Amino acid sequence: MSNGTATAPADLRAEIPALRIGRHMVGPGHPVYVIGEIGINHNGDLDIAKRLIDVAAESGCQAVKFQKRTPEICVPVEQRDKIRQTPWGEMTYMEYKHRVEFGEAEYTEIAKYCDVLGLDWFASPWDVPSVEFLEKFDVPVHKVASASITDHELLRALAATGKPVLLSTGMSTLDEIDAAVSILGARNLVIMHSTSTYPMPPEEGNLRTIETLRDRYRVPVAYSGHERGLQISVAAAALGAVAIERHITLDRTMWGSDHAASLEPTGLRNLVRDIRVVEQALGDGVKKVFPGEEEPRKRLRRTTV
């Protein structure tokens, strides 16, 4: 290593190929792909969704992500008629799931809005008809939610699209991930380290799993976070996560299951800012004397024999 380069880690990273997602290359050597996950934090309101898209664009995100379900498939039979208290009054759980689900008209508007703002958009499909729905919009990538990693029928449908796939691995064993990767293939795959606790305590972050997954599957590895605060996501970027996904909200006190573990606008802006600072600070691993060191070097260095 006479040139001062940390060759072993750099060479390992070089073996992992980048892939294109929408307008961006994602992988080692490229800027971190920051995803603002809107999910269902729009509460079924297109105006709220647009405001969240604005927040993502203004913060410097590259993409926003939604969730797409067919309630008749995804809601268990025993849950359908249970009564739920909602901001729109008392209704069954099935009625509620339909209330917060966007259809073709809403996603047509979302697609146009994101295009104007230069953002990629996509979703986590929770069933095969939702894959077919999203394919009509030619989304650039599909996301497998952690809950769906063992839904092999869904994985086969996603593999058949030929699109890149983000595979979230919360609450999963390595055997379950192995089986999913064998179906999806590694060519267009980004594996996302995640812990499915909402909100996630720091001791469950286990960020060293980013390296474990990268070494085991030899694909780009990203991070999908559900923690409060920014530090853990910034650390994930420092550990080599090629994409960072965080839930976003207009206000963490809003009604809904995901708001408490989401970032408000100021938090999202600060997260993107800090990720970009970390990218600059990581450098290329070559030990060198920087221009700012030249004067102190002349002034302070004492050389003896």
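**A sheet, a pocket and a buried serine**

Q: In this predicted model, which residue of β4 is the bridge partner of Gly39?
A: Strand β3, which covers residues 33-39, pairs with β4 in the parallel sense over four bridges. Gly39 takes part in a bridge to β4, and its partner there is Phe66.

Q: Which strands stand at the edges of the sheet?
A: Eight strands form an open sheet with parallel pairing, in the order β7-β4-β3-β12-β11-β10-β9-β8. Two of these strands have a single partner strand each, so one side of each is left without a neighbour in the sheet, and these edge strands are β7 (120-125) and β8.

Q: At about what angle to β4 does helix α5 run?
A: Helix α5, made of residues 104-117, lies across both β4 and β7. Its direction relative to β4 is given by an angle of about 170°.

Q: Which element gives the most to the lining of the second largest pocket?
A: The second largest pocket has a volume of about 450 Å³, and among the 29 residues lining it, those closest to its centre are Gln67, Arg69, Trp126, Tyr198 and Asp258. At least two lining residues come from each of β4 (63-68), α4 (93-99) and β12 (243-247). The element that gives the most, with three residues, is α4.

Q: Is Ser146 buried or exposed?
A: Ser146 lies in the loop between β8 (142-144) and α7 (152-161), and it touches residues farther along the sequence, including Ser168, Met171 and Ser196. Because its relative accessible area is 10% and the cut-off is under 20%, Ser146 counts as buried.

Definitions and conventions: Residues are numbered from 1 along each chain as its sequence is written. This is a predicted model: local features need pLDDT of at least 70, side-chain atom pairs count only at pLDDT 80 or more; totals for chains, interfaces and linings use all residues. Side-chain values use heavy atoms; hydrogens and water are left out. On a 1 Å grid over the protein atoms alone, a cavity is a set of points where a 1.4 Å probe fits but cannot get out, and a pocket is an open set with protein on both sides within 12 Å along at least five of seven lines; lining residues have an atom within 4 Å of a point. Grid points are joined across faces, edges and corners, and a volume is the space filled by probe spheres set on the points. Buried means under 20% relative accessible area, exposed over 50%, partly exposed in between (1.4 Å probe, protein chains only). Contact means heavy atoms within 4.5 Å. Two strands pair if DSSP finds at least two bridges between them. Axes are lines fitted to C-alpha atoms, for helices over the stretch in contact, and angles run from 0 to 180 degrees between N-to-C directions. Lists of a residue's contacts leave out its neighbours within four places in sequence.
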